[in-house]
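Work through the exercises below with the sequence and the model side by side. Try each task before reading its solution.

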Amino acid sequence: MIKGFYAAASAMLAGLTRQNMLSHNLANLDTPGFKQVLLSLDDFVKTTVSTRPGDEVWPSAPRLVGELGLGVETIPPETDYADGALRQTGQLLDVALHGPGFFRVQTPAGERYTRDGRFLKDADGNLVTVDGYAVLNEAGAPITLPDGPVAIGGDGAITVDGQAVGQLGIASFADPEAELTRDQPNLFAAAGQPTGVERGTVVQGFLETANVNPAQLMTQMVAVNRAYEAAQMLVQVQDQLLGRAIATLGQL
């Protein structure tokens, strides 16, 4: 009976964690370049079930019946690095990556990587992100833009009035899930140097949307909410059964 109580309680905790993850994805639905977080469940622990010696069915020796799960737990979350759809903005400093790769930016904590191409020109003429982080070139240095119309090629080459002024730094990783860790909702950190060879195409005047499917997300939230309610009811049932068992033992 206690096992059932713990199993139902673990399902409630897992449901709460999944709901928080889905809410995080929903909150970043309109964040360009956002990569959704995926969370799965696994058995918390299993115990073997066998018959007791002297059982009416198997009186000679205990026999293995099977395994009994004692609840669920969430496994470490994963990031879905699939490309999001491209949305046209018409802004010259809005860029998107079609294919693998990340833009290199400099933060106070060190170099980071992002798919968010909402770039701006600050008061000093430096190319920065919407958070004020410097956008880096291929050599890992900030990019300075003179006055004039900006054109960005598919390889990331930047020209102003037809004059080359730099090139967007693009880092690629062979296995992003293993090499990258989420540092902020839309920034990633790497333990080592980029290992990838393939790089996507830079598209000027577009932004990559979040790779979140709103319809699928809402369906998942409803399913998680119903599963949580079912587990909550099971906890209440287990509590009532435990109370009846204690009362019966007290009478005996």
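How many aromatic pairs does a search of the whole structure find? The search finds 6 aromatic pairs. Rings of Phe, Tyr and Trp (its six-membered ring) pair if their centres lie within 6.5 Å; planes under 30 degrees apart count as stacked, over 60 as edge-to-face and the rest as tilted.

This is a predicted model: local features need pLDDT of at least 70, side-chain atom pairs count only at pLDDT 80 or more, and totals for chains, interfaces and linings use all residues. Residues are numbered from 1 along each chain as its sequence is written, and side-chain values use heavy atoms, with hydrogens and water left out.

**Exercise 1. Classify the pair F102 and F188, and place both rings in the fold.**

Step 1. Take the geometry. The centres of F102 and F188 are 5.9 Å apart, and the planes make 65 degrees. The pair is edge-to-face.

Step 2. Locate the rings. F102 lies in strand β9 (residues 102-107) and F188 in strand β19 (residues 187-190), so the pair ties together parts that are 86 residues apart in sequence. Helices (H or I, at least four residues) and strands (E, at least two) are DSSP runs, numbered from the N terminus.

Step 3. Check burial. F102 and F188 are both buried. Buried means under 20% relative accessible area, exposed over 50%, partly exposed in between (1.4 Å probe, protein chains only).

**Exercise 2. Do the same for Y113 and F173, then find the cluster.**

Step 1. The ring centres of Y113 and F173 are 5.1 Å apart and the planes stand at 80 degrees, so this pair is edge-to-face.

Step 2. Y113 sits in strand β10 (residues 110-114). F173 sits in the loop between β17 (170-171) and α2 (176-179). The two are 60 residues apart, and the pair links distant parts of the chain.

Step 3. Y113 and F173 are both buried.

Step 4. Assemble the cluster. Y81, F102, Y113, F173 and F188 belong to one aromatic cluster.

**Exercise 3. Count the salt bridges and describe three of them.**

Step 1. The whole structure holds 8 salt bridges. A salt bridge is a side-chain nitrogen of Lys or Arg within 4 Å of a carboxyl oxygen of Asp or Glu.

Step 2. Start with D83 and R115, which meet at 3.3 Å, N to O. D83 is in the loop between β6 (78-79) and β7 (86-88), and R115 in the loop between β10 and β11 (119-121), so the bridge ties together parts that are 32 residues apart in sequence. D83 has 37% relative accessibility and counts as partly exposed. R115 has 3% and counts as buried.

Step 3. Widen the view. K35, D83, R115 and E208 are linked in a network of salt bridges.

Step 4. Turn to D116 and R118, at 2.7 Å, N to O. D116 is buried at 8% relative accessibility. R118 is partly exposed at 28%.

Step 5. Finish with E138 and R199, at 2.9 Å, N to O. E138 lies in the loop between β13 (134-135) and β14 (150-152), and R199 in the loop between β19 and β20 (201-204). They are 61 residues apart. E138 is partly exposed at 35%, and R199 is partly exposed at 45%.

**Exercise 4. Describe the surroundings of T129.**

Step 1. T129 lies in strand β12 (residues 127-129).

Step 2. Its relative accessible area is 8%, so T129 is buried.

Step 3. List the contacts (heavy atoms within 4.5 Å). Leaving aside neighbours within four places in sequence, T129 touches V105, R118, F119, L120 and V135.

**Exercise 5. Find the nonpolar cores.**

Step 1. Apply the rule: a nonpolar core is a set of buried Ala, Val, Leu, Ile, Met, Phe, Trp, Tyr and Cys residues joined through side-chain atoms within 4.5 Å.

Step 2. The largest core has 16 residues, and F119, L127, L145, I158 and L168 touch the most other members. β8 (95-98), β14 and β15 (157-160) each give two or more residues to this core.

Step 3. A second, separate core has 10 residues, including V37, L39, A210 and M221.

**Exercise 6. Test the length of helix α1.**

Step 1. Helix α1 (residues 2-27) has 26 residues. The expected span is 1.5 Å times one less than the number of residues.

Step 2. The expected span is 38 Å, and the end C-alpha atoms are 38 Å apart, so the two agree.

Step 3. The buried residues of α1 are A8, S10, M12, A14, G15, M21, L22 and N25.
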